[in-house]
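Colleague: I have a few questions about the words used for this model. Please answer each one from its definition.

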Amino acid sequence: KLSLINYMKNEDIPFYNICKKTKFLESNAKIIYPLDNYDYYLYGERSGFFSYYYPGVTKFKIELFPYAEKVSLDLGVDLKEVIYKENLWQEAWRKLDESQFLYLKEKYKLTHIIRENSMPLCFKVMKKNEKYSLYAISN
């Protein structure tokens, strides 16, 4: 039997599994996930944080939409540099801490975070696997 999981690399499977866990969340949940992982929409089969603000941003093409530049700067990323500087999204993601996630919650109504277990946060863990945790953002 053919399935999506048959085509994934082994390192993608924990991300796939945690994304699938987001299906139980309310339909208006805004979930942020590692900034350089473009497979969230495929694996989670639902909208994430960037679908609201970055509908035209992909790894290969950037089209600025309303809010895209402001959200990028709030995440510590200048969209004009994305195509010139490798690992920019990864650097910004590593620098995000609880206070910045709370700021994103207030400003953009962010509700959940998928984060690597190697970069733990002090929010409530809703689901967890060997590599990722799904957090609910609370004050």
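Colleague: What makes S2 and strand S4 (residues 132–136) a pair?

Modeller: Two strands pair if DSSP finds at least two bridges between them. S2 and S4 have five bridges, in the antiparallel sense, so by that cut-off they pair. Helices (H or I, at least four residues) and strands (E, at least two) are DSSP runs, numbered from the N terminus. This is a predicted model, in which local features need pLDDT of at least 70, side-chain atom pairs count only at pLDDT 80 or more, and totals for chains, interfaces and linings use all residues. Residues are numbered from 1 along each chain as its sequence is written, and side-chain values use heavy atoms, with hydrogens and water left out.

Colleague: Which residues of S4 are the bridge partners of Arg115 and Glu116?

Modeller: Arg115 has Ser133 as its partner, and Glu116 has Tyr132. Ser133 also has Lys128 standing opposite.

Colleague: How do you know that S3 pairs with S4?

Modeller: Four bridges join S3 to S4, and the cut-off is at least two, so they pair. The two strands run antiparallel, and a hairpin of three residues connects them.

Colleague: What is the order of strands in the sheet?

Modeller: The sheet is open, has four strands with mixed pairing, and follows the order S1-S2-S4-S3. Strand S1 (31–32) and strand S3 (124–128) are called edge strands, as each pairs on one side only.

Colleague: What holds paired strands together in general?

Modeller: Strands of a sheet pair through backbone hydrogen bonds, either parallel or antiparallel.

Colleague: Why is Cys19 called buried and Cys122 exposed?

Modeller: Buried means under 20% relative accessible area, exposed means over 50%, and partly exposed is in between (1.4 Å probe, protein chains only). Cys19 has 0%, so it is buried. Cys122 has 71%, so it is exposed. Asn28, in the loop between helix H2 (13–20) and S1, is exposed because its value is 55%.

Colleague: How many disulfides are there?

Modeller: A disulfide is a pair of cysteine sulfur atoms within 2.5 Å. A search of the whole structure finds zero.

Colleague: How much of S4 is buried?

Modeller: Five of its five residues are buried, and S4 is mostly covered. Tyr132, Leu134 and Ala136 point one way, while Ser133 and Tyr135 point the other way. For the protein of 139 residues, the buried part is 43%.

Colleague: Why does Arg115 have no salt bridge?

Modeller: A salt bridge is a side-chain nitrogen of Lys or Arg within 4 Å of a carboxyl oxygen of Asp or Glu. Lys and Arg count as positive and Asp and Glu as negative; His and the chain ends are not counted. For Arg115, the nearest side chain of opposite charge is Glu116, 4.6 Å away, so the cut-off of 4 Å is not met. Arg115 is nevertheless buried, and lies in strand S2 (residues 112–116).

Colleague: What does the side chain of Arg115 reach?

Modeller: It reaches the backbone oxygen of Leu96 at 2.9 Å. A polar contact is a pair of N or O atoms within 3.5 Å; within protein, one must be able to donate a hydrogen and the other to accept it, and residues adjacent in sequence count only if both atoms are side-chain atoms. At 2.9 Å the distance is within 3.5 Å, so this is a polar contact.
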